[in-house]
Amino acid sequence: KQWYQRRVRGCSLVRKVPVRGRVFLSEHYLCFKTSPLSPNRLVVIPLLSVESLNKDRSTLVVYYSIKVTTRDQRAFHFAGFYLRDDFYTKVCAQFDKCHGLSQGSVEQSPT
């Protein structure tokens with residue numbers, strides 16, 4: 001697939017063990033690709049399948065993450081961001097645009 005990347009940030013996908021990589025925000029997808037030294041992993045989350053976006057203060061291992069929950073109740077924690085709040089704002093704006101909603105319709109958590 002050809003993806004138009006709007007924003008790229010280094011972070012970790014937190015499951016049982018954090019996996020380092022990069023998160024990509026495109027027009028219709030939020031994607032995570034592991035770094036070359038990690039097992040090859042690609043996570044693609046269509047923005048239309050996202051039910052909620054939240055800023056979390058902590059996960060079990062890493063502080064200050066973004067939690068993405070899909071309609072089928074799968075949760076993804078992205079942590080270890082540089083400028084997490086800036087990226088969160090961009091994801092919320094793209095979510096609104098993808099869903100055809102007015103800017104700011106996704107509730108932005110204060111943490």
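A salt bridge here is a side-chain nitrogen of Lys or Arg within 4 Å of a carboxyl oxygen of Asp or Glu. One pair that fits is D85 with R84, whose side chains meet at 3.1 Å, N to O.

Some ground rules before going on. This is a predicted model, where local features need pLDDT of at least 70, side-chain atom pairs count only at pLDDT 80 or more, and totals for chains, interfaces and linings use all residues. Residues are numbered from 1 along each chain as its sequence is written, and side-chain values use heavy atoms, with hydrogens and water left out.

**Salt bridges**

The count comes to four salt bridges. Three of the pairs, with their N to O distances, look like this:

| Acid | Base | Closest N to O |
|---|---|---|
| D85 | R84 | 3.1 Å |
| D72 | R74 | 3.3 Å |
| D86 | K90 | 3.4 Å |

How open are these residues? Relative accessible area sorts them: under 20% is buried, over 50% is exposed, and in between is partly exposed (1.4 Å probe, protein chains only). R84 is buried because its relative accessible area is 8%, while D85, at 39%, is partly exposed. The D85 and R84 pair doesn't stand alone, as K55, R84 and D85 are linked in a network of salt bridges. Over at D72's partner, R74 has a relative accessible area of 44%, so R74 is partly exposed. For D86 and K90, the values are 29% for D86 and 28% for K90, so D86 counts as partly exposed and so does K90.

**Helix α1**

Helices (H or I, at least four residues) and strands (E, at least two) are DSSP runs, numbered from the N terminus. D86 and K90 both sit in helix α1 (residues 84–99), four residues apart, about one turn of the helix. An α-helix has 3.6 residues a turn, so residues three or four places apart point the same way.

α1 has 16 residues and reaches 22 Å from its first C-alpha to its last, close to the 22 Å expected at 1.5 Å a residue. That expected span is 1.5 Å times one less than the number of residues. The buried residues of α1 are R84, F87, Y88, V91, C92, Q94, F95, D96 and C98. Right after α1 comes G100, with a positive phi near 70°.

**Two strand residues**

Now for a pair of residues in strands, taking contact to mean heavy atoms within 4.5 Å. T34 belongs to strand β3 (residues 29–34), and T34 counts as buried because its relative accessibility is 7%. Setting aside neighbours within four places in sequence, T34 is in contact with V19, R20, G21, P39, N40 and R41.

A75 is in strand β7 (residues 75–79). With a relative accessible area of 36%, A75 is partly exposed. Not counting residues up to four places away in sequence, A75 touches K67, V68 and T69. A75 and R15 are 60 residues apart in sequence, yet their C-alpha atoms are 9.4 Å apart in space.

**Cysteines**

How many disulfides are there? Taking a disulfide as a pair of cysteine sulfur atoms within 2.5 Å, the count is zero. Such a bond is a covalent one between the sulfur atoms of two cysteines. As for individual cysteines, C11 is buried at a relative accessible area of 0%, and C31 is buried at 1%. C92 and C98 are among the buried residues of α1.
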